[in-house]
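User: I would like to learn how to read a few features from a set of atoms. Please give the general idea and then the case at hand.

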Amino acid sequence: MASFQRKGLQTRILSTEEEEKLRRDQALVSAFKQQKLEKEAQKNWDLFYKRNSTNFFKDRHWTTREFEELRSCREYEGQKLTLLEAGCGVGNCLFPLLEEDLNLFAYACDFSPRAVDYVKQHPLYNSERCKVFQCDLTRDDLLDHVPPESVDAVTLIFVLSAVHPEKMRLVLLNVYKVLRPGRSVLFRDYGLNDHAMLRFKAGSKLGENFYVRQDGTRSYFFTDGVNLRLSWKGPRLNSQHPFDSSQPSATPAPGDPTTSSDFPWYQALIVYVHICKQNSYHTH
């Protein structure tokens with residue numbers, strides 16, 4: 001069983017010009033090209049990191065401030081905690097967390113083999129404090145790398161938006177298997193009407209709130225609950241729960257650009273969701 005807590009401010013209001021642009025840009029990328037983008041998704045992200053190295057995203061020092069669950073899940077001071085950062089990129093969230101919390105062990109994975117290599121080359125990388133591996137969260141079993149029900153928190157930070165909407169549920173089911181009962185999945189991502197969404201040119205739309213960038217990477221923009229309906233199903237669950245967010249927030253934290261070259265921090269629209277695994281159900 002899973003419970004859901006949401007954080008957020010009011011959705012950004014569009015101008016008349018922006019509303020007209022969204023109404024006008026309704027043509028979808030062809031089915032053939034969409035299949036090609038899905039097939040080449042890993043290659044496109046690997047090329048992204050080849051072009052940008054470790055210089056595109058800035059370190060995220062706001063994580064423990066925005067997600068107090070990372071602190072509150074400790075039962076006593078100094079308790080060792082285990083984290084899974086699903087979609088770690090080049091470590092912009094991972095290494096600030098390891099620096100801040102010396103009693104933290106982290107598993108971290110990414111779709112891109114090149115990104116994983118960059119993490120392992122980082123001067124702060126220490127195999128005694130973190131285990132990093134390549135993983136397609138929609139297909140590869142996390143249990144091949146992480147023991148079942150061993151993780152105190154899972155972070156999905158700007159990760160689900162890069163996954164095809166039809167496969168997002170597979171990601172959630174995957175991370176759920178390694179999460180301890182009573183612990184949390186912490187999610188932060190793009191929200192509907194983000195400035196980045198409005199900058200897409202005609203011919204970039206893949207589906208409802210789903211777009212492709214010029215480099216072939218894709219981005220989904222989450223709504224207030226209509227399109228963010230990912231059901232928890234599987235052998236460990238006895239019921240279905242919508243994974244949604246009722247109120248996307250207006251901006252990320254000051255001083256935290258989502259990227260260093262895409263758009264200023266104050267233009268981002270972010271969705272926050274906190275999911276708690278309440279019980280564990282086993283099959284025999």
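User: Which side chain does Arg183 meet in a salt bridge?

Analyst: This is a predicted model. A salt bridge is read from the N to O distance, with a limit of 4 Å. Here Arg183 meets Glu75 at 3.8 Å, N to O.

User: Where do Arg183 and Glu75 lie in the chain?

Analyst: Arg183 belongs to strand 6 (residues 179-190), while Glu75 sits in the loop between helix 5 (69-72) and strand 2 (81-86), so the salt bridge ties together parts that are 108 residues apart in sequence. The two ends also differ in accessibility. Arg183 has a relative accessible area of 12% and is buried, whereas Glu75, at 64%, counts as exposed.

User: Which residues are linked with Arg183 and Glu75 in a network?

Analyst: Asp152 and Arg180 join Arg183 and Glu75 in a network of salt bridges.

User: How many salt bridges does the structure hold?

Analyst: The total is 14. Among them is the one between Lys43 and Glu40, whose closest N and O atoms are 3.6 Å apart. Lys43 is partly exposed, at a relative accessible area of 46%. Another joins Arg24 to Glu20, with 3.9 Å between the closest N and O atoms.

User: How many residues separate Arg24 and Glu20 in helix 1?

Analyst: They are four residues apart, which means a separation of about one helical turn. Arg24 is exposed, with a relative accessible area of 54%; Glu20 is partly exposed, at 35%.

User: Which residues of helix 1 are buried?

Analyst: In helix 1 (residues 16-24), the buried residues include Glu18, Lys21 and Leu22. To read a face, look down the helix axis: the buried residues of helix 1 fall within an arc of 95 degrees, so they line one face. The face turned away from the buried side carries Thr16, Glu17, Arg23 and Arg24, which are exposed.

User: What covers the buried residues of helix 1?

Analyst: The cover includes helix 9 and strand 8.

User: In what order do the strands of the sheet with strand 8 run?

Analyst: The sheet is open, with three strands in the order 7-8-9 and antiparallel pairing. Strand 7 (205-207) and strand 9 (218-220) are the edge strands, each pairing on one side only. From one strand to the next, the twist averages 25 degrees. Strand 7 and strand 8 (residues 210-212) pair over two bridges. Gly207 has Phe210 of strand 8 as its bridge partner.

User: By what is a pair of aromatic rings described?

Analyst: A ring pair is described by the distance between the centres and the angle between the planes. In this structure the count comes to twelve aromatic pairs. One of them is Phe200 with Phe221, which is edge-to-face at 6.2 Å centre to centre and 75 degrees between the planes. Phe200 is in the loop between helix 9 (195-198) and strand 7, and Phe221 is in the loop between strand 9 and strand 10 (270-277), so the pair links distant parts of the chain, 21 residues apart. Phe200 and Phe221 are both buried.

User: Why is the pair of Tyr220 and Phe222 edge-to-face?

Analyst: The planes of Tyr220 and Phe222 stand at 65 degrees, with the ring centres 4.9 Å apart. An angle over 60 degrees counts as edge-to-face. Both Tyr220 and Phe222 are buried.

User: Which residues form one aromatic cluster with Phe200 and Phe221?

Analyst: Phe158, Tyr190 and Tyr211 form one aromatic cluster with Phe200 and Phe221.

Conventions
Residues numbered from 1 in each chain as written. Predicted model: local features only at pLDDT ≥ 70, side-chain atom pairs only at ≥ 80, totals over all residues. Heavy atoms only, no water. Pairing = 2+ DSSP bridges. Axes fitted to C-alpha atoms, helices over the stretch in contact; angles between N-to-C directions. Phe/Tyr/Trp six-rings, centres within 6.5 Å; stacked < 30°, edge-to-face > 60°. Buried < 20%, exposed > 50% of the residue type's maximum accessible area, 1.4 Å probe, protein only. Arc of directions from axis to C-beta. Contact = heavy atoms within 4.5 Å.
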